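Got the viewer open? Let's take a walk through this one, stop by stop, selecting as we go.

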Amino acid sequence: MTAAAPGRAPVDAPLLAVGGVQGYYGLAHVLQGVSLTVQPGELVALLGRNGAGKTTTVKAVMGMVSVRGGHICAAGHDVVGLATERVAQFGIGYVPEDRRMFPGLTVRENFRLAALGARVPKGEHAAAQGRVLEVFPQLEPHLDRDASRLSGGQQQMVAVGRALICGTRLLLVDEITQGLAPIIATEMARTLRRVADEGLGVLLVEQNSQMALELADRVYVLDQGVIVASGEAAAMRADPTWMQQYLQL
Ligand SMILES: Nc1ncnc2c1ncn2[C@@H]1O[C@H](COP(=O)(O)OP(=O)(O)OP(=O)(O)O)[C@@H](O)[C@H]1O
Ligand SMILES: [Mg+2]
């Protein structure tokens, strides 16, 4: 570890450092040198049009895409080439685009399965569930209900809860507000902001650019597998031409 320069606070190592990643589905070359970082305590938004490569970027971190160039360091581990379960065990929580609630499983069983998958020791399952319920106290009365029969917003809470159960340090969230009523979407987004404020790193893929810009610390814009813009969300909020130029709102 190098000493911090005099008078400057030491900079935390990024929780996620993606550098020059070339990502493929078979022969299809989708990610063309994507680089981004997420620091502890940061909420970073990844924006871009349909088909830009946002989901592919997140999947590349989770070992679900063939990465044939560049590097990905997550929670201090080089994760390129590792299986998804292995990546998750480093404390990387992933909320995929579709919520995938297993029909017939209660909320409690969803959490237990996620804890088992993340190799949380059995004796710690109750405490792990307790931490999730601190984030989503609204789920407590529904613990013994079939998760697939909950409302869309509640299902998203279960999906995020599952991703948070393993002592998560970095949360990757893909399009969580899609299909939710605006008030529920805002509530979910604020919860993610709180999670980041408590020290986790959050990478948020979001279609609602306006909301993402309001919540995020920093923003990246992806287009055709290339990062075409990035910066502090506050600076982008202050520049009305920015969104028009990159996001065509
Ligand atoms: N399994 C796959 N096999 C081949 N090509 C794929 C696959 N999944 C996605 N693609 C292609 O990769 C490109 C990027 O897709 P990706 O799903 O990452 O975009 P996205 O930015 O998440 O879009 P959206 O906003 O629609 O979710 C698109 O051209 C898409 O057609
Ligand atoms: Mg997507």
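Before you click anything, one cut-off to keep in your head: a residue is called buried when its relative accessible area is under 20%, exposed when that area is over 50%, and partly exposed in between. Also bear in mind that what you're looking at is a predicted model.

**Stop one: a buried histidine**

Select His125, which sits in helix 4, residues 125-135. Its relative accessibility is 13%, so with the cut-off at 20% His125 counts as buried. What does His125 touch, leaving out residues up to four places away in sequence? Light up Arg112, Ala115, Leu116 and Val120 and you have the set. For a sense of distance, draw a line from the C-alpha of His125 to the C-alpha of Gly81: the two are 44 residues apart in sequence and 29 Å apart in space.

**Stop two: ligand 1**

Now select ligand 1 and show what surrounds it. The shell has 13 residues, and those that come nearest are Gly51, Lys54, Thr55, Thr56 and Glu97. Colour the shell by class and you should get three nonpolar, six polar and four charged residues. Which element gives the most to this shell? That's helix 1, residues 54-61, with three residues.

Next, put some distances on the screen:

- Asn50: a polar side-chain atom lies 3.2 Å from an oxygen atom of ligand 1.
- Gly53: here a polar backbone atom is 2.9 Å from an oxygen atom of the ligand.
- Lys54: a polar side-chain atom lies 2.7 Å from a ligand oxygen.

How much of ligand 1 does the protein bury? On its own the ligand exposes 630 Å², and the protein buries 58% of that.

**Stop three: the magnesium ion**

Stay in this area of the session and pick ligand 2, the magnesium ion. Thr55, through OG1, and Glu97, through OE, coordinate the ion at 2.0 to 2.6 Å. The pair links distant parts of the chain: Thr55 belongs to helix 1, while Glu97 is in the loop between strand 7 and helix 3, 42 residues apart. Are these two residues buried or exposed? Thr55 counts as buried, at 17% relative accessibility, whereas Glu97 is partly exposed, with a relative accessible area of 39%.

**Stop four: Thr106**

Follow the loop between strand 7 (92-95) and helix 3 (107-117) until you reach Thr106. Thr106 has a relative accessibility of 15% and counts as buried. Setting aside residues up to four places away in sequence, select its contacts: Leu143, Asp144, Arg145, Asp146 and Ala147.

**Stop five: two glutamines in helix 5**

Go to helix 5, residues 152-164, and select Gln154. With a relative accessible area of 18%, Gln154 is buried. Beyond residues up to four places away in sequence, Gln154 touches Leu139 and His142. Try another C-alpha to C-alpha line, this time from Gln154 to Met188: you'll cover 34 residues of sequence and 9.8 Å of space.

Then click on Gln155, also found in helix 5. Gln155 counts as buried too, at 12% relative accessibility. Where does the side chain of Gln155 reach? Trace it to the backbone oxygen of Ser148, at 3.2 Å. Leaving out residues up to four places away in sequence, the contacts of Gln155 are Arg99, Met101, Ala147, Ser148, Arg149 and Leu150.

**Last stop: two positive phi angles**

If you can show backbone torsions, turn them on. Most residues other than glycine have a negative phi. Ala75 has a positive one, near 50 degrees. Look for Ala75 in the loop between strand 5 (71-74) and strand 6 (77-78). At 7% relative accessibility, Ala75 counts as buried.

Finish on Gln224, which has a positive phi of about 50 degrees although it is not a glycine. Gln224 is placed in the loop between strand 10 (218-223) and strand 11 (226-232). Is Gln224 buried or exposed? At 63% relative accessibility, Gln224 counts as exposed.

Technical notes. Residues are numbered from 1 along each chain as its sequence is written. Chains are lettered from A and ligands numbered from 1 in the order in which they are written. This is a predicted model: local features need pLDDT of at least 70, side-chain atom pairs count only at pLDDT 80 or more; totals for chains, interfaces and linings use all residues. Side-chain values use heavy atoms; hydrogens and water are left out. A residue is near a molecule or strand if one of its heavy atoms lies within 4 Å of it. A polar contact is a pair of N or O atoms within 3.5 Å; within protein, one must be able to donate a hydrogen and the other to accept it, and residues adjacent in sequence count only if both atoms are side-chain atoms. Accessible areas come from the Shrake-Rupley method with a 1.4 Å probe; for residues, only the protein chains shown count as cover. Helices (H or I, at least four residues) and strands (E, at least two) are DSSP runs, numbered from the N terminus. Ala, Val, Leu, Ile, Met, Phe, Trp, Tyr, Cys and Pro count as nonpolar, Asp, Glu, Lys and Arg as charged, and the others, Gly among them, as polar. Buried means under 20% relative accessible area, exposed over 50%, partly exposed in between (1.4 Å probe, protein chains only). Contact means heavy atoms within 4.5 Å. Donors are N, O and S atoms within 2.8 Å of the metal (3.2 Å for Na, K and Ca); water is not among the atoms, so sites may look incomplete.
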